[in-house]
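Subject: Handing over a structure

Dear colleague,

Below is the structure I promised to pass on to you. Please open it alongside this email, as my notes on what was found in it follow directly after.

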Amino acid sequence: EDVVAELQETDATIVHIVDANFAHDLRRVERICDLLIERDVRHLYACEIRVNALWKDPRLVRKMEQAGFFMFMVGVESYQPRLLKAMRKGYTVKMCREAFRNLSHTHILTLGNFLIGNPGETEAEMLGVADFAADLGLDFISPNKIYAYANTDFEQWVLAQPGYRVEGRRRYVVSDRFGVEDLRRLQARIMLSFFRRHPPWIDRKSVV
């Protein structure tokens, strides 16, 4: 009720819901959507959402579109099973593909966030992000350098890998093979490869 009441008061055309856990409780999300539809609260909504939420309930994905959600920023992170397991993401590559099959039946735009430079990840595997993202049908991608918060299990895992370390104020994960500048160049190559293979979204989707 509070969320919908706040959305009713804004005169913004587009609302970006900044909450990494917005779709953690799917019943809550469905109730918000029901109220938005019932009260005819008309805005365009963008939000961060996880693969775990998208693959479970295609009906809810369609309801979110009906309520006004037009863009999802999805934390895909990786297409390597061993890396998803190491990052404790709680989903598999198969679940990820099912999630985007659910989205393919909507007009919702998607931005996929990926992490590159994980311990043990090769250059070829990082560059493979572009093909995987295109196969999923993503509209946009954001390949990001991975970082490790201080005093976390992930940081300890990174430091235990031969040749890996945490560097700089942003605490980027780097290695003897891939420094920050190397990863930046790979980010650019991934983006270029993706957009060369994948036509711009405006040519493929009609926003209604």
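A good place to begin is with two helices, helix 2 (residues 26-38) and helix 4 (residues 58-67), which pack at an angle of about 35° with their axes 9 Å apart. Please keep in mind as you read that this is a predicted model. Helix 2 passes helix 4 in a left-handed crossing, and the residues that make the contact are L26, V29, E30, C33, D34, L36 and I37 on the side of helix 2, together with R59, L60, K63, M64, Q66 and A67 on the side of helix 4. Sorted by class, this contact of helix 2 with helix 4 has eight nonpolar residues, four charged ones and one polar one.

Helix 4 also matters for the next item, the enclosed space inside the model. The count comes to one cavity of 30 Å³ or more, and the largest cavity has a volume of about 40 Å³. The residues that line the largest cavity are A23, L26, I49, A53, L54, D57, L60, V61 and M64, and the elements giving two or more residues to this lining are helix 3 (51-56) and helix 4. Helix 4 gives the most, with three residues. By class, the lining of the largest cavity has eight nonpolar residues and one charged residue, with no polar ones. If you compare the lists, you will find L26, L60 and M64 in the contact between helix 2 and helix 4 and again in the lining of the largest cavity.

The largest pocket is a separate feature, with a volume of about 780 Å³. It is lined by 25 residues, of which E77, M87, K89, L115 and Y147 are the closest to its centre. Strand 2 (44-50), strand 3 (69-77), strand 4 (109-116) and helix 9 (153-159) each supply at least two residues of the lining of this pocket, and the largest share, four residues, comes from strand 3. By class, the lining of the largest pocket has 14 nonpolar, five polar and six charged residues.

Finally, a word on the chain as a whole, in which there are ten helices and seven strands. The radius of gyration of the chain is 19 Å, close to the 17 Å that the globule rule gives for 208 residues, so the chain is as compact as a globular protein of that length. Taken along the principal axes, the C-alpha atoms of the chain fill a box of roughly 55 × 40 × 30 Å.

With best wishes

Key:
Residues are numbered from 1 along each chain as its sequence is written. This is a predicted model: local features need pLDDT of at least 70, side-chain atom pairs count only at pLDDT 80 or more; totals for chains, interfaces and linings use all residues. Side-chain values use heavy atoms; hydrogens and water are left out. Axes are lines fitted to C-alpha atoms, for helices over the stretch in contact, and angles run from 0 to 180 degrees between N-to-C directions. A crossing is left-handed if the near helix is turned anticlockwise from the far one by less than a right angle, and right-handed if clockwise. Contact means heavy atoms within 4.5 Å. Ala, Val, Leu, Ile, Met, Phe, Trp, Tyr, Cys and Pro count as nonpolar, Asp, Glu, Lys and Arg as charged, and the others, Gly among them, as polar. On a 1 Å grid over the protein atoms alone, a cavity is a set of points where a 1.4 Å probe fits but cannot get out, and a pocket is an open set with protein on both sides within 12 Å along at least five of seven lines; lining residues have an atom within 4 Å of a point. Grid points are joined across faces, edges and corners, and a volume is the space filled by probe spheres set on the points. The radius of gyration is taken over C-alpha atoms; the globule rule is 2.2 Å times the number of residues to the power 0.38.
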